[in-house]
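Student: Could you take one part of this structure and go through it closely, with the cut-offs behind each term? I would like one helix and its surroundings treated in a connected way.

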Amino acid sequence: MPNNDTRAYVKAMVQALDSKRGEDIQVLKVGDLTSIAEYFVICTANSTTQVKTLADEVEFRLKTDYNVVPHHVEGHDSASWILIDYGFALVHVFLETAREFYSLEKLWKDATAIPTEEL
């Protein structure tokens, strides 16, 4: 069972994405299926600029509000998919075409979808 801090962090991630108009924000609880993370937070952006903006906002909010920094960030160069690895959660910010191509929701269909309003 995730601790309250983890849930607060995931909620802050969702709020950060929403504040910059991220679309189709999904939270998947994958901890029962893999050891790589407890949660995936997935979001769609409309442009490479917005992909970067969304990823930057997540990093800023977690650092400013909780002093939590990612272990690793990938994809800033192409900005069609930026992955932010916090250990307990992986944030995936996609352009729509990349999100459709990688289809993480289908790949991880056995994960539990967490409605964002329940965070």
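Tutor: What follows is a close look at helix α2, set against the sheet on which it lies.

The model is predicted, with local features needing pLDDT of at least 70 and side-chain atom pairs counting only at pLDDT 80 or more, while totals for chains, interfaces and linings use all residues. Residues are numbered from 1 along each chain as its sequence is written, and side-chain values use heavy atoms, with hydrogens and water left out.

Helix α2 covers residues 48-66; helices here are DSSP runs of H or I with at least four residues, strands are runs of E with at least two, and both are numbered from the N terminus. For the 19 residues of α2, a rise of 1.5 Å a residue gives an expected span of 27 Å, and the end C-alpha atoms are indeed 27 Å apart, where the expected span is 1.5 Å times one less than the number of residues. Just after the helix, N67 adopts a positive phi of about 55°.

The surface beneath the helix is an open sheet of six strands in the order β3-β4-β5-β2-β1-β6, with mixed pairing; two strands count as paired if DSSP finds at least two bridges between them. Strands β3 (72-74) and β6 (112-114) stand at the edges with a single partner strand each, so one side of each has no neighbour in the sheet. Helix α2 lies across β2, β3, β4 (81-85) and β5, and runs at about 160° to β5; such angles, from 0 to 180 degrees, are taken between N-to-C directions of lines fitted to C-alpha atoms, for helices over the stretch in contact.

Which residues of α2 are buried? They are Q50, V51, L54, A55, E57, V58, R61 and L62, buried meaning under 20% relative accessible area, exposed over 50% and partly exposed in between, with a 1.4 Å probe and protein chains only. Seen down the axis of α2, these buried residues fall within an arc of 150°, so they line one face of the helix; the arc is that of the directions from the helix axis to the C-beta atoms. On the other side, T49 and F60 are exposed. The cover over the buried residues includes α1, β2, β4 and β5.

R61 belongs to helix α2 and is buried, with a relative accessible area of 19%. Leaving aside residues up to four places away in sequence, R61 touches A12, Q15, A16, S19 and Y66, where contact means heavy atoms within 4.5 Å. Of these, A12 and A16 are among the buried residues of α1, and the buried residues of α1 in turn pack against β1, β2, α2 and β5.

Two residues in the strands extend the picture. F40 lies in strand β2 and counts as buried at 2% relative accessibility, while H92 is found in strand β5 and is buried at 4%. With residues up to four places away in sequence again left out, H92 touches F40, V41, I42, C43, W81, I82, L83 and L104, and the contacts of F40 include H92, L90 and W108. The C-alpha atoms of F40 and A89 are separated by 5.6 Å, although the two residues are 49 residues apart along the chain.
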